[in-house]
Amino acid sequence: MPTPPDEPRGAVARHTAYLPHFRDKVTNSRPIWRIEWGHPGFTHRTPPEPTDDHQPTVITRHWGQPAPDGTGVTWPYLHRGTCLGCAWEGPDRRLTDAAVEDAHDHTHPGWRDLPAVPDQRGRRWLTHVQHLYPDGWLDRGGPIRTVRTGIEKRHKPRAAPGGGYDLAVQPPRKVERVTAISDTLPLEFDGAGAA
Ligand SMILES: [Zn+2]
């Protein structure tokens, strides 16, 4: 949807404009775009600091209207991938995770091709990840991709070793299906397309 010319753009500007309305308790702040709770830059006190480089985050606002994409389904909230280093904003999304992925397309192009690693931590695991991922990737706040076999299927902010996102990759549902498509797809599951 078009943005009015006087409306702030980008995660930092929008969250900074939102904070006084959150505090005044008079204005209904729910329809005002702000950084989503728990995502990088979120705060209820001081305005977020812009980063020197492009770093992903998500903004959200209450919506409660039919979806902007014309499907007619009511979306309670809108979410957009955004950046703490510039005013870039992605498209409206129904789900936070879709917005997280948009943000990474902007800040960390190529993330979709990263190998998925087991969802477990430890020194050997970290060494393994550092070996698999590009040099300096984690230090630059880059995301990791982990295969989730437990109940937590969502992307997790600040859960990568360098403070970036831990992006969930769903394991194949059934072994039979993997076997059935192995003629046309690489046999080694790397999670491509599942994010
Ligand atoms: Zn940016």
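This is a short tour of a predicted model, from the whole chain down to one sheet and the helix on it.

Residue numbers start from 1 along each chain as its sequence is written. Local features need pLDDT of at least 70, side-chain atom pairs count only at pLDDT 80 or more, and totals for chains, interfaces and linings use all residues, while side-chain values use heavy atoms, with hydrogens and water left out.

**Whole chain.** Color by secondary structure. The chain has 4 helices and 6 strands. These are DSSP runs numbered from the N terminus: helices are H or I, at least four residues; strands are E, at least two. The order is α-β-β-β-α-β-α-β-β-α from the N terminus on.

**Surface.** Switch to a surface view. The accessible surface is about 11,400 Å² (Shrake-Rupley method, 1.4 Å probe). Carbon and sulfur atoms hold 55% of this surface. Of the 195 residues, 36% count as buried (under 20% relative accessible area, 1.4 Å probe, protein chains only).

**Sheet.** Select 34-35, 56-66 and 74-83. They form an open sheet of 3 strands, ordered β1-β2-β3, with antiparallel pairing (at least two DSSP bridges between two strands). The edge strands are β1 (34-35) and β3 (74-83), and each pairs on one side only. β1 meets β2 over 2 bridges. Zoom to Arg 34: its bridge partner in β2 is Thr 60.

**Helix.** Now add α2, residues 96-107. α2 packs on the sheet and touches β2 and β3 (contact: heavy atoms within 4.5 Å). Its direction makes about 20 degrees with that of β3. Axes are lines fitted to C-alpha atoms, for helices over the stretch in contact, and angles run from 0 to 180 degrees between N-to-C directions.

Methods. Buried means under 20% relative accessible area, exposed over 50%, partly exposed in between (1.4 Å probe, protein chains only).
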